[in-house]
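Let's work through a structure by asking how its labels are earned. Have the picture open while you read.

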Amino acid sequence: MLTGNNLSKSYSSGKALNDVSIHISPGQICGLLGRNGAGKTTLFKILCGLVKPDHGQVIINSRRSKPVGGIIERPGLYNFLNAYDNIKIFAGIQGAPADKLSIEQTLLKVGLPLDRKDPVSNFSLGMKQRLGIAIALINDPECLVLDEPFSGLDPIGVASLITLIRKLAEEENIAILLSSHMMGEISKCCHFLYVIEKGEIVNSGPTNALINAHITSFSITASNLAASLTLKNYEVEMGTNDARVSCEAREIPSLLTELLSEGIQVTACTPVLTLEQLIKKAI
Amino acid sequence: MRLLLSAELLKLVKQSKTYYALGSIMVIETLILITAYFQGSTILDLLLDNLKQSFYFEGTLLNGNLIMYIVLNSLWFNVPLILMIVTSGIVTDEYKDGTMQTVMLQAVKKWKFITAKYIIAVLFTILVIGFMMLTTFILAYSIFGGGDLVVYLNTLNFFEADDAFHRICWAFASGAVSMVFYCVVSLTLAIFIKEAAKTWIAAALFLIITTLLLKVDFVIPVINSFFFPKLIDTWQQLFYYELDWTQILMNNALLILYTIAFAAAGTYVFHKKDIG
């Protein structure tokens, strides 16, 4: 369990955090949404103990030697060493098992190949993220903090990382906090969301509830949408292959039924929710 | 601490800059040897022509001991500058690559981590000076052989071959203490500054100012005797005709105390500072 109570932090450039409180339970994946410069990284650094807050406190109920593991901003790796030696160094310095078997198990846990002997500088960003997570998981922390883990990854890399994060929460009961400014990615894997703006938490709640409460439009993909009579009753923005329909979430079942009765085969219907909507509505 | 030291050692061994440092020392030595081989005799003959008419010198004056003494003089600026750049990288590279954060996110105590870095920097410095002494000895003696040493320190001092060799060896040892001081200072600067290029500038400035202050008369005897810029050339005292071992040992002991003080200040600041 990881809790931050009434955290505040100021720099010479201004206030980075103002009275922020956050809580993550074991096995829960929490998302922290915010624009660049909203205070996500400062909050993460405070939660990990890298930066001392001006006010407030961080509570971690743990007896382990390493309660929190994480990646802040980017995975910090020794680029001149290979993945094996990186794990060996980071495990070695904290007295964690650094034998061949343990290192290989750690690499396999995050889906990294054992046959890569070249320096980490040759790795793709996705592989570096995985190695960063492997290092964060050394010594079995109870909480994992991942700052912008999806940035720079391609869609396959994002999907694969989401699977790994889910697996870690479900199978190892790790409390995970991850940040992003990408609404789509974070809503796919988080149980609970916090929205941060200008150093303050402006919105929070279970992911589904938060999305349902703020959703105002849906993207509907189907052929021949332009000919639909049903859509004329809604505010619609036509795209090349889809239509963005402004409506409440509760209206969606009837809308889909009506489109089907018109003979329009809907292939996808996804909520369109932007970070700006979450921030604006809250403010 | 043992685990941290072995990790730091592994990093040092695997980094190419370690070998660049050793390579640059070899380049300096080679240049001195080539210059001495082709021009040394002419210069020495010109300088000592009159003296040779009055005194007998055993062997040629352009010998291994003189070459070792010339290489030793690179401890004034070239070698400390190289060492300060390399050892400050032990800390600045960690900041640049983000590994400082990664390490601090592990179950590692801050003071232990930075102390391990200081210890490795000291060991690396001693290794480099040892390497420099050994390679110079092998190259200079195999090319030029042994012989008496002539040194100009206020006046011309002459030492017999065996005496000269012993003095050179002790001078390297004393010089190593000065180099360790510079390296510890550069590591402390790196902790304060964090950025590599700025740290290099600060380290070079420190080196220049220290060398300038060495020549300044502070009037107050205590400062003239105990201020650290006045101690960094102790290795030169091994080439005065009359050796004052008490002074040499005291100066080195004081410089070691200054070194410990700089390391303690760096460790304290690192422990108190936020990471990132």
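What follows is a set of questions and answers on a predicted model.

Q: What makes S3(A) and S7(A) a pair of strands?
A: Pairing takes at least two bridges between the strands. Strand S3 (residues 29-34) and strand S7 (residues 175-180) of chain A have five bridges and run in the parallel sense, so they pass the test. One of the places to look is A:Gly31, whose bridge partner in S7(A) is A:Leu178.

Q: Which sheet of chain A holds S3 and S7, and in what order do its strands lie?
A: That's an open sheet of six strands, in the order S5-S6-S7-S3-S8-S9, with mixed pairing.

Q: Why does one side of S5 and of S9 in chain A lack a neighbour in the sheet?
A: Strand S5 (68-71) and strand S9 (200-206) of chain A are at the edges, and each has a single partner strand, so there's nothing of the sheet on the other side. From one strand to the next, the twist averages 15 degrees.

Q: Which strands does helix H1 of chain A touch as it packs on the sheet?
A: Helix H1 (residues 40-48) of chain A touches S3, S5, strand S6 (143-147), S7 and strand S8 (192-197) of chain A. The direction of H1 makes about 155 degrees with that of S6(A).

Q: How do you know how helix H7 of chain A runs relative to S9(A)?
A: Compare their directions: helix H7 (residues 207-214) of chain A runs at about 105 degrees to S9(A), lying across S8 and S9 of chain A.

Q: What makes the strands S10, S11 and S12 of chain A partners?
A: The bar is again at least two bridges. Strand S10 (residues 217-222) and strand S12 (residues 242-246) of chain A are joined by five bridges and run antiparallel. Strand S11 (residues 235-238) of chain A pairs with S12(A) over four, also in the antiparallel sense. Both counts satisfy the rule, so both count as pairs. Want residues to find? A:Phe218 stands opposite A:Val245 in S12(A), and A:Met238 has A:Ala243 as its bridge partner there. A hairpin through three residues joins S11(A) to S12(A).

Q: What makes S11 and S13 the edge strands of their sheet in chain A?
A: Each of them pairs on one side only; S13 covers 266-272 of chain A. Their open sheet has four strands in the order S11-S12-S10-S13 (chain A), with antiparallel pairing. Its neighbouring strands are turned by 25 degrees against each other on average, direction ignored. Helix H8 (residues 252-261) of chain A lies across S10 and S13 of chain A, at about 155 degrees to S13(A).

Q: How are the domains of chain A assigned, and how far apart are their centres?
A: The domain assignment gives domain 1 (2-212) and domain 2 (216-282). The C-alpha centres of these two domains of chain A lie 35 Å apart. There is contact, too: 10 residues of domain 1 of chain A meet eight residues of domain 2 of chain A. On the domain 1 side, the elements giving two or more residues are S8, S9 and H7 of chain A.

Q: How do you know whether chain B agrees with a compact globule?
A: Set two values side by side: for 276 residues, a compact globule would have a radius of gyration near 19 Å, and chain B has 21 Å, so the two agree. The C-alpha atoms of chain B fill a box of roughly 70 × 45 × 30 Å along the principal axes. Chain B has 10 helices and two strands, and 40% of its 276 residues are buried.

Q: What makes a group of residues a nonpolar core, and which residues have the most contacts inside the largest one?
A: The members must be buried nonpolar residues joined through C-beta atoms within 7 Å. The largest core has 143 residues, and A:Ile176, B:Cys183 and B:Val184 have the most contacts inside it. Helix H7 (residues 161-193) of chain B gives the most to this core, with 17 residues. Another core, of seven residues, lies apart from it, and includes A:Phe218 and A:Ile220.

Conventions: Residues numbered from 1 in each chain as written. Chains lettered and ligands numbered in written order. Predicted model: local features only at pLDDT ≥ 70, side-chain atom pairs only at ≥ 80, totals over all residues. Axes fitted to C-alpha atoms, helices over the stretch in contact; angles between N-to-C directions. Contact = placed C-beta atoms within 7 Å. Rg over C-alpha atoms; globule rule 2.2 N^0.38 Å. Buried ≥ 20, exposed ≤ 12 C-beta atoms within 10 Å, placed from the backbone. Domains from an automatic or database assignment.
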